[in-house]
Every structure is written in structure tokens, then in C-alpha cells.
Amino acid sequence: MAQAGKTAFVLAGGGSLGAVQVGMLHALLMAGERPDFLVGSSVGALNAAWFAGAPDLAGVERLAEVWVGLRRADLFPMSLARLFGILRRPDSIADPRPLRRLLETNLAFDRIEEARLPLHIMATDQQGAGVRLSSGPAVEAILASAAVPGIFPPVTIGGQDLMDGAIAANTPLRIAVTLGASRIIVLPTGYACALNGPPKGAIARILHAITLLISWQLMHEIATMPDGIEVHLAPALCPLAVSPYDFSAARQLIARAKETTQEWINGGGLQRPARARDLSPHHH
């Protein structure tokens, strides 16, 4: 059902860089912004779901505590048994069960439609088409949206094997427009724009590539938004030398994003239309 004339928060993916969205949410709430609904993809689906269940400063502060307490092994556990299993039956590198436990322990609701704010989670089917999940088990939807191919196994929902929402040809911005939003505030995770070389390790390189893919998708979507759609882009952090596989910098990322978003708001960011080039590595 369309929600005409509404404000949507759109939260993109980006691995450990999802921590920046916590600082952005804090600053937006302090400025009096309240979304009518949320659209999230990948780690942005996790943050959007948390916020949809606790859409206030206290909820954002608890989300910050969760992020600061996260370690890489909490989301990407590795073991010799898992690696040997890959040799026998290639499927995925990481075990999704710890992420499932994290979600089951911390989410304030079981089904998407039970959230305090309307929530829409984006995943991708095996043909690359976007799949919007607006009802049903929340944990399954988030796991599907965050199922980076090769890292996590796909998640079967409604007979479809779904994977990371960042892979879809249509981004969360298009979903927000389809749902009838006339005003969209995008919370990007950005990418490690100041790395001197590729991140070390297979998972780190996959996640870095996906953050670049997400940024270019957002740039294209912002540049091709239909007339009459007001889009604002919270500032991505750059220079940034943190790999999306590094969870040790969450506290600093949250604080820095909160400060830069407050400065952006104070400087009239919520009155200026988003520019695609703001996410371009050449612009930074």
C-alpha cells in the first residue's frame, strides 16, 4: 500500500561501516526528523529494523552500545571445520548462526509488521531482481538481505532463495518511491575512500567491492530520481581508511558520523537536494 506524501529513511548496506548510520540517526532525531517508514538493505536492514522497533534517542543509544560491543567473530565466524566443509561443498565462508543469535537477542519484535514504524527490507532473488519484504519473520528477512554471496548462504523465503539486497538492480531509493515517499533521507555507509591498497583477506575485499557497488548505485539513483521527489543525502565519511570488515572502530565511526551529520544539518543539508557527485570518489 502506497504511503503518499511520506518521509522515508533509506539505509544502505556496507558491512562494519553500518556503524556510521547510528551517528546519523542520532543527529537526525536531535534535529526533529521522524520518518514515516524505513527501507533498509544489508546491514542497513539491521539498523532500520532496530530503529523501527525503537524509534527514539534511547533506542539509538542502545543500538550504539550493540555496535560498540560487536566483534568480527560475532558476524563472520571462521573455523577449520567450516573451511574444510567448503572444500567438500562450496556454499559459504561464514556461519550465519551467530548473526541470527544477535538478531534474535536484540530485535524488539518478531515479525516485520509488528515494528513501531513501517519497515521494508530489500533482498535480491537469484535473477538479480529486488524483492521487498514488508511482512513475515524479521530475522529471516534481515538474514536474507545481508546474505553476501559466497560469504553467507542464501535464505529461502516464500520459495525464493534470496541474497544481499545490494546486488539488486533497483536500489532502496526506488523502493521508497514505489511506496509513495515524496521526501527521502538517505543514510549511506560510504566506503573506505582513503585505503592505500585493497583490504587484506577475501571477505574484506568482497565487502569493500560491495560498498563501492552500493555507492555507485546510489549515485545513479540520485541522478535519475523522478521529478517531485525530494532527496537528501547525509554525508558519508571521507577520508575513511576503515575496512568494512573491521569492527574495531565502531565507537569512532558513530561519533564522527554524528558530528558531521549535525554540521550538515546546521549548514542547511536538509534544505539542499542530494547531488550524485557527493558520493563520487573523484569528488572526495
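**Reading contacts, burial and cavities**

Colleague: Start with Leu102. Which residues does Leu102 touch, not counting residues up to four places away in sequence?

Modeller: Val66, Leu70 and Leu75 are the residues Leu102 touches, once those up to four places away in sequence are set aside. Contact means heavy atoms within 4.5 Å. Leu102 sits in helix 6 (residues 97-106). Helices (H or I, at least four residues) and strands (E, at least two) are DSSP runs, numbered from the N terminus.

Colleague: What should I keep in mind about the model and its numbering?

Modeller: This is a predicted model: local features need pLDDT of at least 70, side-chain atom pairs count only at pLDDT 80 or more, and totals for chains, interfaces and linings use all residues. Residues are numbered from 1 along each chain as its sequence is written, and side-chain values use heavy atoms, with hydrogens and water left out.

Colleague: Is Leu102 buried or exposed?

Modeller: Buried means under 20% relative accessible area, exposed over 50%, and partly exposed in between (1.4 Å probe, protein chains only). Leu102 counts as buried because its relative accessible area is 18%. Ala27, in helix 1, is also buried, with a value of 3%. Gln271, in the segment after helix 10, is exposed at 63%. Across the chain of 284 residues, 56% count as buried.

Colleague: How many helices and strands does the chain have?

Modeller: The chain has 10 helices and eight strands. Contacts link distant parts of the sequence: residues 24 or more positions apart account for 78% of the contacts with a separation of 6 or more.

Colleague: Which residues does Ala27 touch, not counting residues up to four places away in sequence?

Modeller: Lys258, Thr261, Gln262 and Ile265, with that exclusion. Ala27 and Lys258 are 231 residues apart in sequence, yet their C-alpha atoms are 5.5 Å apart in space.

Colleague: Where is Glu33 found?

Modeller: Glu33 is in the loop between helix 1 (19-30) and strand 2. Glu33 counts as buried because its relative accessibility is 12%. Beyond residues up to four places away, Glu33 touches Phe9, Leu28, Arg183, Ile185 and Leu270. The C-alpha atoms of Glu33 and Ile185 are separated by 9.6 Å, with their positions 152 residues apart along the chain.

Colleague: How do I read a helix pair, and what is the angle between helix 3 and helix 10?

Modeller: Two packed helices are described by the angle between their axes and the distance between the axes. Axes are lines fitted to C-alpha atoms, for helices over the stretch in contact, and angles run from 0 to 180 degrees between N-to-C directions. Helix 3 (residues 57-69) and helix 10 (residues 250-266) pack at about 140 degrees, with their axes 8 Å apart. Ala64, Trp67 and Val68 of helix 3 make the contact with Ala250, Arg251 and Ile254 of helix 10. These residues divide into five nonpolar, no polar and one charged. Ala, Val, Leu, Ile, Met, Phe, Trp, Tyr, Cys and Pro count as nonpolar; Asp, Glu, Lys and Arg as charged; the others, Gly among them, as polar.

Colleague: Which residues have the most contacts inside the largest nonpolar core?

Modeller: In soluble globular proteins, nonpolar side chains tend to be buried together. A nonpolar core is a set of buried Ala, Val, Leu, Ile, Met, Phe, Trp, Tyr and Cys residues joined through side-chain atoms within 4.5 Å. The largest core here has 101 residues, and those with the most contacts inside it are Phe9, Leu38, Trp67, Phe76, Leu119 and Leu253. Leaving aside neighbours within four places, the contacts of Trp67 include Gly15, Val43, Asn47 and Phe247.

Colleague: How many cavities of 30 Å³ or more does a search of the whole structure find?

Modeller: Rolling a probe the size of a water molecule over the atoms shows where empty space is left. On a 1 Å grid over the protein atoms alone, a cavity is a set of points where a 1.4 Å probe fits but cannot get out; lining residues have an atom within 4 Å of a point. Grid points are joined across faces, edges and corners, and a volume is the space filled by probe spheres set on the points. The search finds three cavities of 30 Å³ or more. The largest has a volume of about 240 Å³. Of its 20 lining residues, the closest to its centre are Gly15, Ser42, Val43, Phe76 and Ala146. Helix 2 and helix 9 (202-223) are the elements that give two or more residues to this lining. Helix 9 gives the most, with four. The lining divides into 13 nonpolar, six polar and one charged.

Colleague: What is the phi of Ser42?

Modeller: Near 60 degrees, a positive value in a residue other than glycine. Ser42 lies in the loop between strand 2 (37-41) and helix 2 (43-53). Ser42 is buried, with a relative accessible area of 9%.

Methods: On a 1 Å grid over the protein atoms alone, a cavity is a set of points where a 1.4 Å probe fits but cannot get out, and a pocket is an open set with protein on both sides within 12 Å along at least five of seven lines; lining residues have an atom within 4 Å of a point.
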